[in-house]
Amino acid sequence: MESLIPTINRLQEVFLTVGAEVVQLPQIVVVGSQSSGKSSVLESLVGRDFLPRGSGIVTRRPLVLQLVNVAPLQDRLKIENGVKAEEWGTFLHCKNQIFTDFGEIRKEIESETERSSGDNKGISPEPIYLKIFSPKVLNLTLVDLPGITKVPVGDQPEDIESQVQEMILSFISNPNSLILAVSPANSDLATSDALKLAREVDPDGRRTLLVVSKLDLMDAGTDALEVLLGRVIPIRLGIIGVVNRSQHDINTHKSLEDSMKDEHTFLQRHYPSLASRAGSRYLAKTLSRLLMHHIRDCLPDLKTRVTVLNSQYQARLNGYGQPVEDHSAMLLQIVTKFASDYCNTIEGTARYIQTSELCGGARICYIFHETFGRTLQTIDPLGGLTELDILTAIRNATGPRPALFVPEVSFELLVKRQIKRLEEPSMRCVELVHEELQRIIQHCSSYSTQELLRFPKLHDSIVEVVTGLLRKRLPITNDMVHNLVAIELAYINTKHPDFTDAAQVSASVNSQQAETLDGGKRWKNEKLSEEKAQAAGFGSPSKGQAINLLDTAVPASRKLSAKEQRDCEVIQRLIKSYFLIVRKSIQDSVPKTVMHFLVNFVKEHLQSELVGQLYKQPLLQELLIESQDTAQQRTEVAQMLEALKKANNIISEIRETHLW
């Protein structure tokens, strides 16, 4: 199980090469207030001075520290990394450069910090990656973060406190991280900022370990025994007390080995019952043990995560396609694929079927039979026709002589007026289908043809060609639909087998009135109607009045005579009968016309139109220029996929028997 930490370090190196942290790896995150002793704790774990020192905020960038245990120089079978030194360090940003002087490591951390954070106390979330090889360290992976500060100094922004807290939370929110909270013994533990932040992301304390630093700086007569025993604030992973080096020890270059001896002496004198469970050496062993067990617990989920990401990035890479080599073949492939997807969307056989709304052929069907069909059904055959309109048409068709029968001319005049009302919804049907054919273009380019998204110019050109084809077919289809109505208006076929004969309608109307009125009542009603008509303005002028009949306005409405009522009803029945015949014909023929002259024509000629317009040698290079981001994204995805494959191989090397 001791090989788990080096395995995680290898995984971390693999993912660092691609500059992304898509997998949350197990690690120990060190959190504490400014000047709480975090740096001293880390240096005691390493056994060397290598961290920058000074007043105010010193750690201004996250430092990812990997400790690698190696055999002593005299016991090595081979020279590690070609280095003939007992201990050394390497930085990720300094490739192939090895630091054997830990003073140089400190200077490199300072210069790298100033490179991105400035030289006046600014902070940056970009990590510095340092790996230290030594026979004196245990295998560990730690992240040292800037100390929690309250007041901005130098060029720090006013919200420095919230920035630092957000940076810390971004690391400790990783559920695979262990939180090493550092709090000085000479301050109240209940006000510890490190514990407060740890509680936000780890309320149960399952992955928090508390280090109480500066035990030797407590007021005389006081001790931290109650705190170290967990009686003040219980910590599930434990509480470990340490003694930090004083500033005087640092200034006099007191070695860490002597400091650890003094720490052990202090613990034996002041905390004899806890001396074996405190101090820097015990902290290192505890952290190594906790990290190994934590890695063991996280490994199954980590393996699953890597496997899932491997599949996802492979699919993304397939979506970007291969770089273009044969431009002619690529263009033909894309054009053929687009035309096929366009036609399949109309036919309902496309691979990508929407579930949120009707699309393609289904929407065209809805337009024909729901939108257009219902609109025609709502048109009243006699809508806009009053009895007075019908009577006026009958009189105008008879001329100066009263008609014995209903004139056929009046029927044709009125029924044409009603048939004309069918043209507007028919033209609107064509417009709606044309709009849907336009929408299919975007549907295909966005969902079906992934290759097309790589080439913006080709995409725009295909849209332009298809739009132009639809634009050319639209007036032709409109003319044909207009002609359908014009054909119906050109000849009123009163011999249509479904049309009710005029004589039969007249006889039916007369028989119905004969059943309700006997001869005397009918005569009286007609007489009364004539008198009322005369009273309404059609009769003789009253005696003693001189009236110019030419100036008398035709009344807007009046009581019709029985004969006029019969004539109007005959015309109404004939109009309704013939209108229903024409409406049925239009409802059937308009969709057929639209399908033939617009939809089917576009389906049959789309590919040939695209090839004819786009497959031209001067255009090939220009059309198949990838978008600026596509090539870069393909490279990044390929690199990430390679890293995931390496990670999968590394995890696969761990046998199940090693975990227990």
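Here are some questions and answers on this predicted model.

The model is predicted, so to speak, with rules attached: local features need pLDDT of at least 70, side-chain atom pairs count only at pLDDT 80 or more, and totals for chains, interfaces and linings use all residues. Residues are numbered from 1 along each chain as its sequence is written, and side-chain values use heavy atoms, with hydrogens and water left out.

Q: How many helices and strands does the protein have?
A: Helices (H or I, at least four residues) and strands (E, at least two) are DSSP runs, numbered from the N terminus. Going by those runs, the count is 20 helices and nine strands.

Q: What percentage of the 660 residues is buried?
A: Buried means under 20% relative accessible area, with exposed over 50% and partly exposed in between (1.4 Å probe, protein chains only). For the 660 residues here, the buried share is 46%.

Q: Which element gives the most to the largest nonpolar core?
A: A nonpolar core is a set of buried Ala, Val, Leu, Ile, Met, Phe, Trp, Tyr and Cys residues joined through side-chain atoms within 4.5 Å. The largest one has 68 residues, and elements giving it two or more include α10 (327-347), α14 (423-448) and α15 (456-490). The top contributor, with 18 residues, is α18.

Q: Which residues does leucine 437 contact, leaving aside neighbours within four places in sequence?
A: Tyr342 and Leu437 have the most contacts inside the largest core. Contact here means heavy atoms within 4.5 Å. For leucine 437, the partners are Tyr342, Ile346, Ile364, Leu470, Leu598 and Val599.

Q: How many cavities of 30 Å³ or more turn up, and what is the volume of the largest?
A: On a 1 Å grid over the protein atoms alone, a cavity is a set of points where a 1.4 Å probe fits but cannot get out, and lining residues have an atom within 4 Å of a point. Grid points are joined across faces, edges and corners, and a volume is the space filled by probe spheres set on the points. The whole-structure search finds two cavities, and the largest has a volume of about 100 Å³.

Q: How do the lining residues of the largest cavity divide by class?
A: Ala, Val, Leu, Ile, Met, Phe, Trp, Tyr, Cys and Pro count as nonpolar, Asp, Glu, Lys and Arg as charged, and the others, Gly among them, as polar. The lining includes Ser40, Val41, Asn244, Arg245, Met260 and Glu263, and α8 gives the most, with four residues. The split is five nonpolar, five polar and two charged.

Q: Which element gives the most to the lining of the second largest cavity?
A: This cavity has a volume of about 40 Å³. By class, its lining has eight nonpolar, no polar and one charged residues. β7 (177-184) and α9 (280-320) each supply at least two of them; the one giving the most, with three residues, is β7.

Q: Is serine 259 buried or exposed?
A: Serine 259 sits in helix α8 and touches Arg245 and Lys254, not counting residues up to four places away in sequence. Its relative accessibility is 11%, so serine 259 counts as buried.

Q: Which non-glycine residue has a positive phi of about 60 degrees?
A: The residue lies in the loop between β8 (208-213) and α6 (225-228). At 18% relative accessibility, this residue counts as buried. The one with that phi is lysine 214.

Notes:
1 Å grid on protein atoms, 1.4 Å probe; cavity = no way out; pocket = protein on both sides within 12 Å on 5 of 7 lines; lining within 4 Å.
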